[in-house]
Structure formats: structure tokens, C-alpha cells
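User: Please take a close look at the aromatic rings in this protein. Walk me through how they pair up, and then show me what lies on the surface.

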Amino acid sequence: MTDENLEFVPDDIVESQPEVVQESELKQSVLLRRYIISLAIGVAVLCLFSGVSYWYILGLNQAPKHFPVSLPITIEQGTDVREITRLMQEKDVVQSDILLYYALLFFYEPKDIKASTYVFDEPLTTLQVAERLTKGDFVADLIRFTHYEGERVTQLAARAAKVLPQFDAETFITKAEPQEGKMFPETYFIPPSYTAEELQSLMLETFESNTARLQPTIEAQSLTLEEVIILASIIEREAGDLESKKMVSGILQNRIAIDMALQTDASMEYVLDKPLNELTPEDLKTDSPYNTYLNKGLPPTPIGNPGLDAITAVLEPTPSEYFYYITGNDGEFHYSKTYAEHLRNIQKYLR
């Protein structure tokens with residue numbers, strides 16, 4: 001082959017080839033570094049997300065602050081799994097109904113949950129609650145005891161003594177009467193061996209559990225907790241459903257606002273231990289600090305143990321311009337703004 005057959009390559013192209021190769025390698029190196037950095041950031045974000053999720057779920061798995069120790073929770077026949085998990089969250093057994101739902105689906109057999117009454121003797125994690133529910137670990141041989149709204153400690157003690165062999169009524173009255181108003185009305189499932197001290201402690205714990213979420217509302221208004229309970233105990237005896245309780249609450253608070261006597265028959269029922277429908281005009285003249293006809297303001301203590309509706313009615317009264325009310329012979333409430341209107345309502349609905 002002669003030189004003439006050789007292809008001529010300019011010197012500048014030959015000299016530039018190493019530079020092209022170096023530039024290409026540099027770009028690849030930069031891209032590789034970017035990829036590694038992006039991958040590292042992605043892994044870090046994933047780890048952070050996983051860690052946060054783990055701690056978040058771990059936190060939700062813990063027992064709620066106000067776990068209902070020793071309080072009965074009933075699962076009715078035919079209740080589905082989602083309703084059960086929502087019930088458990090509503091009753092403060094778990095923090096998250098969703099976490100309980102998936103715990104039941106993935107780790108247990110939801111069909112094993114039995115319709116019954118469950119009582120937890122200590123706070124449990126969500127996973128432990130799921131296990132209890134599916135293992136059928138529900139209560140047996142417990143006494144169903146209902147403490148009615150508005151019932152006084154002395155009445156409560158008399159009834160409890162009839163069904164609890166080791167219950168001493170006098171001991172209960174001594175311990176519970178100073179806390180009249182805080183023996184929370186509820187249906188309790190308790191062992192036959194329950195003592196006066198145990199029942200008093202259970203009812204007080206139930207009160208604290210049910211009113212804990214109301215504390216911000218109580219602190220935001222003018223009445224103290226004790227005053228709220230006193231007024232609620234009156235409303236419990238004066239009205240029936242939540243709507244009428246809120247209406248009566250608004251009227252009584254209207255009276256308090258203008259320094260008017262409450263004039264409630266329920267407080268006299270407490271003093272005389274006499275049914276409302278048997279009170280006479282002479283009874284209303286009885287000299288007692290609980291006589292809200294003769295004394296302005298609230299009585300010195302609650303006159304019974306109000307339920308949650310009555311307490312709610314004090315905190316959420318229905319605003320009105322009324323200052324008087326009666327319950328007619330027809331069972332309906334009738335309200336009036338003035339005393340003259342009130343007298344006409346008495347003539348019309350009570351005669």
C-alpha cells in the first residue's frame with residue numbers, strides 16, 4: 001500500500017480526540033454523582049418517613065390517657081367490626097379506630113369477637129385490646145347495677161345494699177355523700193364482692209372520665225366546676241330530655257344574672273325528701289339554705305347526681321328572654337317572660 005492510499009487526517013483533529021473523551025467522562029462522572037446523591041436523599045427521606053410512621057403508629061398503639069379501667073363496655077349482637085372499632089375509640093379504649101380495625105384484620109380473626117360486655121382492669125395497647133376482643137375474654141358472673149340520673153347517695157346506697165352482699169350502706173354514705181354530684185349515673189357491671197369503697201371509687205373515676213373532655217368548656221365560662229354540678233343536679237330534677245334541660249338551664253341562668261331567686265321545687269324535694277308532686281305552698285316556706293325560694297343563688301351542695309346531659313345543659317344553655325317555666329298537666333313545658341304571664345300559664349295548664 002502506498003502513501004497515496006492513506007487517508008489524510010488533519011493534525012488538529014487528532015490532537016482534539018483526547019479532550020472529547022475527557023469531556024464525556026466528566027459528564028458521566030457528574031451524572032453518576034447526581035444519581036448517587038439523589039439516591040442517598042431518596043433513601044434518607046424514605047428512612048425518615050418510615051421512622052416517623054413507625055413512631056406515629058407506636059404512639060397510637062399506646063393506651064389513651066383516660067382509658068376506662070373497670071368500666072363496662074357492651075358490644076351488642078349484630079354490631080359489625082367497623083362499628084366495634086369506632087365504639088372502642090368513643091369509649092377511650094383505643095386512640096385510633098383505624099389502627100384497631102387493621103390490627104383485627106391482619107393479626108386476628110374479627111369473626112371471633114363475641115357480643116358481650118367487656119371490662120378492662122388495666123390500660124391496654126391497641127394490639128392487646130384486639131387480642132382481648134378476639135379471644136372472647138369478656139366478663140362473667142357480674143351484677144348489672146344501674147345508678148339513675150338525679151339519684152341521691154342515700155337512695156343509691158339503699159339499693160346497692162340489696163344486691164351486693166359485702167356492701168355497707170353506712171360506709172358508702174359516709175364516703176360518698178361529701179362527693180354528692182360526682183357519683184356518676186351509669187349502668188355498671190360489677191363483681192358481687194364489691195365493697196362500699198370500691199363502688200364509690202368506681203363512680204368517681206367514671207365521673208372524672210366523662211367530664212375530662214368538658215374541662216376546657218368549664219374553664220371558659222363563669223361558673224366553677226362545683227357550681228356547674230350544683231346547677232346540673234337541679235336541672236336533672238326539673239327537666240326531662242336534653243332539649244328541655246338546655247331551655248331550663250338558660251332560664252335559671254337568666255335568673256342568676258339578674259340576682260333573682262332560682263325558685264326551684266327540686267331543691268325543696270331534697271330538703272324534705274318529698275316527691276315534687278306532693279309539695280305544698282307551706283313546704284316552700286321551710287327555713288333551709290337549700291330553699292331557693294327564700295335564698296338567692298345556688299344551694300350549698302348538689303341535690304343529687306346529674307347525668308352528662310344535665311351537665312352539658314349547664315354548659316350549653318338555650319338562650320331566651322324567659323324567666324319562668326312550668327310543666328303542665330299535659331307534660332309539656334310552658335315558658336313566660338313575666339310573672340303575670342307565668343300566672344296565666346299556671347291557670348291555663350295546671351288547673
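Analyst: Start with one term: a residue is buried under 20% relative accessible area, exposed over 50%, and partly exposed in between. Keep in mind that this is a predicted model.

Now apply the term. Y101 has a relative accessible area of 21%, so Y101 is partly exposed. Its partner is Y102. Y102 has a relative accessible area of 40%, so Y102 is partly exposed as well.

How do the rings of Y101 and Y102 sit? Their centres are 5.3 Å apart. Their planes stand at 75°. Planes over 60 degrees apart count as edge-to-face, so this pair is edge-to-face.

Next, take Y324 and Y339. Their ring centres lie 5.8 Å apart. The planes meet at 55°, so this pair is tilted. It links distant parts of the chain. Y324 belongs to strand β5, residues 324-327. Y339 belongs to helix α13, residues 339-349. The two residues are 15 residues apart.

Are these two tyrosines buried or exposed? Y324 has 12% relative accessibility, so Y324 counts as buried. Y339 has a relative accessible area of 48%, so Y339 is partly exposed.

How many aromatic pairs does the model hold? Rings pair if their centres lie within 6.5 Å, and by this rule the count comes to 9 aromatic pairs. Aromatic residues also gather in a group. Y322, Y325, F333 and Y335 form one aromatic cluster.

Now for the surface. Y102 returns here, as part of a nonpolar patch. The other members of this patch are I98, L105, F106, F107 and L127. Together they have about 650 Å² of accessible area. Helix α3, residues 97-107, gives the largest share of the patch, with 5 residues. I98 lies in helix α3. At 47% relative accessibility, I98 falls between the two cut-offs, so I98 counts as partly exposed.

The surface also has a charged patch. E149, E186, D241, E243 and D309 gather there, and the charge is negative. Where is E149 found? E149 is in the loop between β3 (143-146) and α5 (153-163). Its relative accessible area is 47%, so E149 is partly exposed.

To recap, Y101 and Y102 pair edge-to-face, while Y324 and Y339 form a tilted pair. Y102 also belongs to the nonpolar surface patch, and E149 is one of the residues in the negative patch.

Definitions and conventions. Residues numbered from 1 in each chain as written. Predicted model: local features only at pLDDT ≥ 70, side-chain atom pairs only at ≥ 80, totals over all residues. Heavy atoms only, no water. Patch = residues over 30% accessible without salt bridge, like charges linked within 9 Å, V, L, I, M, F, W, Y side chains within 5 Å. Areas by Shrake-Rupley, 256 points an atom, 1.4 Å probe, with all protein chains shown as cover. Salt bridge = Lys/Arg side-chain N within 4 Å of Asp/Glu carboxyl O. Lys, Arg positive; Asp, Glu negative; His and termini not counted. Charge placed at Lys NZ, Arg CZ, Asp CG, Glu CD. Helix = DSSP H or I, 4+ residues; strand = E, 2+ residues; numbered from the N terminus. Buried < 20%, exposed > 50% of the residue type's maximum accessible area, 1.4 Å probe, protein only. Phe/Tyr/Trp six-rings, centres within 6.5 Å; stacked < 30°, edge-to-face > 60°.
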